[in-house]
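Here are my notes on the model you sent over. Have the structure open while you go through them.

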Amino acid sequence: MKKIVLTVAAVFAFGFANAQEETSEGFKKGDVFISGAVGFGSTKTGDFKTSDFEIAPSVGYFVTENIALGVAFGYGSSKIDNGVADAKNSTLSVGAFGRYYFTPASKFSIFGQLGVNYMSYDDEFNLEAGTLADSKGNGFGVAVAPGVSYFLAKNFAIEATFGILSYETLNPDEDGVDSTNGFNFGLDMRDIRLGLVYKF
C-alpha cells in the first residue's frame, strides 16, 4: 500500500511539474512569435488635412535560449491635402532581424535588435489645376535598437523598441536625381514603438 501511495504521489508531482513547465511565461529555444504594430491618425485644420496609416508585422524564431532570428514586413501610407494640392506617399518594406535577449525575470526581458531592410516608395503630388508629379525609388536601411518585453499572460506580451543607431539610403528612379543618405544616432524616448507579441 505504501508503494502505491508513493507511486501516485510521484505521478502527481511529475504531472504538476510538467504543467508548470507548459504554462511558464517567457521565451525558450524553439519558440515562435508573431509581433507587430498598427497605427492610424488624422488631423484637420481648416482646409488642411492629413492622414497616416502603418502596419508592420514580424515573425521570429528562437534558435537558442537567448537568440531569435526573424523577418519583418511593413506598409505605410500618408496623405496631405491643403485644398489646393494634395500629396500621397506609400512605402513598402521587407527585412530580416536578429535579437539577443537578456531575461532577468521570467516575465520580463531586455533585448538588442539588429535589423536590415529593403524598401520601395512612391510619392505623388497632384495640383487642383491638373498638374501631376510622381516620384518613385527604393532604398536600404540598417538599424540597431534596444527593447523590452513583458508577458501579460502565458502567450501574450507587450514590447517596446526605440531607435538608437541607424543608416538609410534612398535612390530615386529618375535619372540625374541624387540619392539621399541619412545617419542617425541618439536616444529619443518620444520615439518609442509599442507592439503586441503572441508566442506559440
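The points below go from the overall fold to the pocket and then to two single residues.

1. First, a reminder that this is a predicted model. Please read every number here as computed from that model.

2. On the fold: the protein has one helix and ten strands. The helix leads at the N-terminal end, and the strands follow it, in the order α-β-β-β-β-β-β-β-β-β-β.

3. On contacts along the chain: take the contacts between residues at least 6 apart in sequence, and 57% of them join residues at least 24 apart.

4. On the surface: of the 200 residues in the protein, 22% are buried. The exposed area comes to about 12,900 Å², and carbon and sulfur atoms supply 64% of that.

5. Now the largest pocket, which holds about 1,400 Å³ of space. It is lined by 50 residues, and those closest to its centre are Glu54, Gln113, Asn117, Ala143 and Arg193.

6. What is the lining of the largest pocket made of? Its residues split into 25 nonpolar, 19 polar and six charged. Strand β4 (residues 85-102) gives the largest share of that lining, with eight residues.

7. Threonine 50 is worth a click. You'll find it in strand β2 (residues 48-62). Is threonine 50 buried or exposed? Its relative accessible area is 17%, and buried means under 20%, so threonine 50 counts as buried.

8. Which side chain does the side chain of threonine 50 meet in a polar contact? The partner is the side chain of threonine 43, at 2.5 Å. Threonine 43 also turns up among the residues that threonine 50 is in contact with once neighbours within four places in sequence are set aside; the others are Gly41, Ser42, Lys79 and Ile80.

9. Aspartate 122 makes a good companion case. This residue lies in strand β5 (residues 108-127). Aspartate 122 has 25% relative accessibility, and the partly exposed class runs between 20% and 50%, so that is where this residue falls.

10. What does aspartate 122 touch, not counting residues up to four places away in sequence? There is Lys88, Asn89 and Ser90, and then Asp134, Ser135 and Lys136. Of these, aspartate 134 sits twelve residues from aspartate 122 along the chain, and the C-alpha atoms of the two are separated by 7.3 Å.

Technical notes: Residues are numbered from 1 along each chain as its sequence is written. This is a predicted model: local features need pLDDT of at least 70, side-chain atom pairs count only at pLDDT 80 or more; totals for chains, interfaces and linings use all residues. Side-chain values use heavy atoms; hydrogens and water are left out. On a 1 Å grid over the protein atoms alone, a cavity is a set of points where a 1.4 Å probe fits but cannot get out, and a pocket is an open set with protein on both sides within 12 Å along at least five of seven lines; lining residues have an atom within 4 Å of a point. Grid points are joined across faces, edges and corners, and a volume is the space filled by probe spheres set on the points. Helices (H or I, at least four residues) and strands (E, at least two) are DSSP runs, numbered from the N terminus. Ala, Val, Leu, Ile, Met, Phe, Trp, Tyr, Cys and Pro count as nonpolar, Asp, Glu, Lys and Arg as charged, and the others, Gly among them, as polar. Buried means under 20% relative accessible area, exposed over 50%, partly exposed in between (1.4 Å probe, protein chains only). Contact means heavy atoms within 4.5 Å. Accessible areas come from the Shrake-Rupley method with a 1.4 Å probe; for residues, only the protein chains shown count as cover. A polar contact is a pair of N or O atoms within 3.5 Å; within protein, one must be able to donate a hydrogen and the other to accept it, and residues adjacent in sequence count only if both atoms are side-chain atoms.
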